[in-house]
Amino acid sequence: MNTETLLALAKAYASHTGLKLSTVSTYAAGDGKFFANLEDGAGCTLRRAHNLLKWFSSNWPHDLKWPQGVQRPPKSKEAA
């Protein structure tokens with residue numbers, strides 16, 4: 001897991017849903033500038049990265065293929 005992976009997920013999600021990256025950032029990270037900051041070289045904690053990955057996995061559009069090479073977390077019992 002690295003910032004490029006998180007950005008790839010965010011951009012794929014934004015492109016597919018027609019949302020701005022800042023909107024996806026607000027939904028996924030609770031901060032409209034989070035992904036822009038990652039693009040500018042900022043980092044994040046492992047906990048936050050893990051939470052973001054779980055958010056994307058839980059909210060990923062059914063008609064969009066999960067990116068190859070990115071390990072998808074297992075579904076939680078609530079989502080299953």
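A polar contact, as I will use the term today, is a pair of N or O atoms within 3.5 Å, where within protein one atom must be able to donate a hydrogen and the other to accept it. With that in hand, let me take you through this structure, which I should say at once is a predicted model.

I begin at the start of helix α1, where a side-chain oxygen of Asn-2 comes to within 3.1 Å of the backbone nitrogen of Glu-4. The helix itself runs over residues 3-17, and because 15 residues at 1.5 Å a residue should span 21 Å, the 21 Å between its end C-alpha atoms agrees with expectation. After α1 comes Gly-18, and its phi is positive, near 80 degrees.

Which residues of α1 are buried? They are Thr-5, Leu-6, Leu-7, Leu-9, Ala-10, Tyr-13 and Ala-14, and as a group they pack against α2 (21-29), α3 (34-39) and α4 (46-59).

Turning to α4, this helix has 14 residues and reaches 20 Å from its first C-alpha to its last, which is close to the 20 Å expected at 1.5 Å a residue. Its buried residues are Ala-49, Leu-52, Leu-53, Trp-55, Phe-56 and Ser-57, and these pack against α1, α2 and α3.

Next, the aromatic side chains, for which a search of the whole structure finds eight pairs. One of them joins Tyr-13 and Phe-56, and because the ring centres are 5.9 Å apart with the planes at 65 degrees, where over 60 counts as edge-to-face, the pair is edge-to-face. This pair links distant parts of the chain, since Tyr-13 sits in helix α1 and Phe-56 in helix α4, 43 residues apart. Tyr-13 and Phe-56 are both buried.

A second pair to look at is Trp-60 with Trp-66, whose ring centres are 4.9 Å apart and whose planes meet at 70 degrees, so this pair is edge-to-face as well. Are these two tryptophans buried or exposed? Trp-60 has 5% relative accessibility and therefore counts as buried, the cut-off being under 20%, and Trp-66, at 12%, counts as buried too. Taken together, ring pairs link Tyr-13, Phe-34, Phe-35, Trp-55, Phe-56, Trp-60 and Trp-66 into a cluster.

Let me now come to how α2 meets α4. Two packed helices are described by the angle between their axes and the distance between the axes. For α2 and α4 the angle is about 105 degrees, with the axes 9 Å apart. Because angles of 65 to 115 degrees count as roughly perpendicular, α2 is described as roughly perpendicular to α4. The residues that meet here are Val-24, Tyr-27, Ala-28 and Ala-29 from α2, and Arg-48, Leu-52, Trp-55 and Phe-56 from α4.

Finally, I would like to dwell on one residue of helix α2, namely Ser-25, which counts as buried because its relative accessibility is 0%. What does the side chain of Ser-25 reach at 3.1 Å? It reaches the backbone nitrogen of Phe-34, while a polar atom of the same side chain lies 2.4 Å from the backbone oxygen of Asp-31. If we leave aside residues up to four places away in sequence, Ser-25 touches Gly-30, Asp-31, Gly-32, Lys-33, Phe-34 and Phe-35. Two of the names in that list, Phe-34 and Phe-35, also belong to the aromatic cluster I described a moment ago, and with that I will stop and take your questions.

Notes: Residues numbered from 1 in each chain as written. Heavy atoms only, no water. Helix = DSSP H or I, 4+ residues; strand = E, 2+ residues; numbered from the N terminus. Expected span 1.5 Å × (residues − 1). Buried < 20%, exposed > 50% of the residue type's maximum accessible area, 1.4 Å probe, protein only. Contact = heavy atoms within 4.5 Å. Phe/Tyr/Trp six-rings, centres within 6.5 Å; stacked < 30°, edge-to-face > 60°. Axes fitted to C-alpha atoms, helices over the stretch in contact; angles between N-to-C directions. Parallel < 35°, antiparallel > 145°, perpendicular 65-115°, else oblique.
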